[in-house]
Amino acid sequence: MSLAQLSGDWMKRVRRDEPMSKHTSWHVGGPADVYFEPQSIEDLAAFLKSLPADVPVTWIGLGSNLLVRDGGIRGAVIATSGALGRVERLSQTRVYCEAGVPCARLARLCIKWGLGPAEFFGGIPGTFGGALAMNAGAFGGETWRHVVEVDAISREGKRATRTPAEYTVGYRSVVGPPNEWFVAARLEFEKRPGAGDDELRRLLARRKESQPIGEWSCGSVFTNPAGDHAARLIDSAGLKGFTIGGASVSTKHANFIINHGAASAADIEALIVHVQSVVERMHGVRLEPEVRIAGAPR
Ligand SMILES: Cc1cc2nc3c(=O)[nH]c(=O)nc-3n(C[C@H](O)[C@H](O)[C@H](O)COP(=O)(O)OP(=O)(O)OC[C@H]3O[C@@H](n4cnc5c(N)ncnc54)[C@H](O)[C@@H]3O)c2cc1C
């Protein structure tokens with residue numbers, strides 16, 4: 001297998017057979033062949049350059065929108081959280097942020113700097129890189145509305161600076177050059193001195209009221225279809241509380257699936273498929289997953 005061609009020095013730095021259940025907010029997922037946490041963008045570029053060309057690469061931030069199947073991930077997983085953590089103010093209104101920065105940290109810093117609107121990042125439990133990949137948003141705010149430039153890296157470890165015009169950005173969807181991932185971005189905000197703190201507290205309270213915060217989930221499982229809400233369709237199909245194995249549709253927010261502790265990825269995926277088919281039968285609407293599914297079944 002070509003991973004065996006990875007040099008001894010790199011082999012000492014990677015974790016072998018790393019359980020992905022340790023790195024996803026659903027707490028499910030089999031082992032990754034190789035799990036790598038870069039120390040810097042340069043370190044990441046060197047790793048990608050030395051990784052044999054036929055080894056597939058999967059990126060993970062905080063795993064808060066990722067269902068990893070029980071058979072795990074073949075090839076290499078690049079983990080940005082805990083690394084690529086630089087965030088700084090470049091000018092009055094501009095911010096540089098690396099992919100591994102938690103969204104909540106970005107929100108807090110923007111509030112401290114008197115910049116906004118960035119409060120919506122405060123309740124998104126992922127990395128900034130994940131927010132770029134998903135065009136994460138909440139309460140009317142959206143990641144890509146603030147992007148001026150991104151720094152991307154290719155499978156070969158080549159870096160490129162790109163503008164938003166090079167991406168097709170939509171609701172929870174970003175399509176750009178293939179085989180490239182985000183390492184950082186420059187963001188533009190408005191000057192909003194003194195605002196933010198109260199707004200952040202208000203938004204977090206609204207979340208707590210309507211979402212099963214603290215339980216093992218991936219947030220909203222499905223995107224909202226045009227003009228409607230996935231949660232409303234799932235609720236009115238009578239699916240709140242519906243259970244397969246250790247996974248249930250949340251009784252608090254119907255677009256959340258909860259792992260009560262013993263669910264497998266297969267339970268969660270079967271529940272996703274069940275919800276899709278019941279909603280389609282009852283409402284004639286095909287729900288599309290927002291969560292990304294990776295890896296192999298057991
Ligand atoms: C309780 C809860 C509430 C949530 N609320 C919201 C919400 O209000 N709004 C919202 O939009 N989302 C929400 N989410 C979903 C999730 O937090 C976001 O989608 C978040 O942006 C994912 O970031 P992550 O670092 O966890 O990405 P991961 O889950 O690790 O990865 C998600 C996808 O992004 C890719 N990816 C990760 N990093 C990079 C990178 N650097 N470059 C390229 N691709 C990359 C991965 O390969 C994967 O395909 C919620 C989740 C939970 C658990």
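Trainee: Which residues does L106 touch, not counting residues up to four places away in sequence?
Mentor: This is a predicted model, and contact here means heavy atoms within 4.5 Å. With residues up to four places away in sequence left out, the residues that L106 touches are V87, V95, C97, V101, F121, F128 and L187.

Trainee: Which residues touch the most other members of the largest nonpolar core?
Mentor: The largest nonpolar core holds 30 residues, and several elements, including β7 (94–98), α4 (128–134) and β11 (147–154), each supply at least two residues of it. Among the core's members, those that touch the most others are L106 and F121.

Trainee: Which element gives the most to this core?
Mentor: Among the elements that each supply at least two residues are β15 (180–188) and α3 (103–112). With five residues, the element that gives the most is α3.

Trainee: How many residues are in the other core, the one with W26 and L271?
Mentor: This other core lies apart from the largest one, and I234 and I272 are also among its members. Its residues number 26.

Trainee: Which strands are the edge strands of the open sheet in the order β17-β18-β19?
Mentor: Three strands form this sheet, and their pairing is antiparallel; three bridges join β18 (residues 247–249) to β19, where A247 stands opposite N259. An edge strand pairs on one side only, and the edge strands are β17 (243–244) and β19 (257–259).

Trainee: Which helix packs on the sheet, touching β17, β18 and β19?
Mentor: The direction of this helix makes about 30 degrees with that of β18. The helix spans residues 265–283, and its name is α7.

Methods
Residues numbered from 1 in each chain as written. Predicted model: local features only at pLDDT ≥ 70, side-chain atom pairs only at ≥ 80, totals over all residues. Heavy atoms only, no water. Pairing = 2+ DSSP bridges. Helix = DSSP H or I, 4+ residues; strand = E, 2+ residues; numbered from the N terminus. Axes fitted to C-alpha atoms, helices over the stretch in contact; angles between N-to-C directions. Core = buried A, V, L, I, M, F, W, Y, C linked by side-chain atoms within 4.5 Å. Buried < 20%, exposed > 50% of the residue type's maximum accessible area, 1.4 Å probe, protein only.
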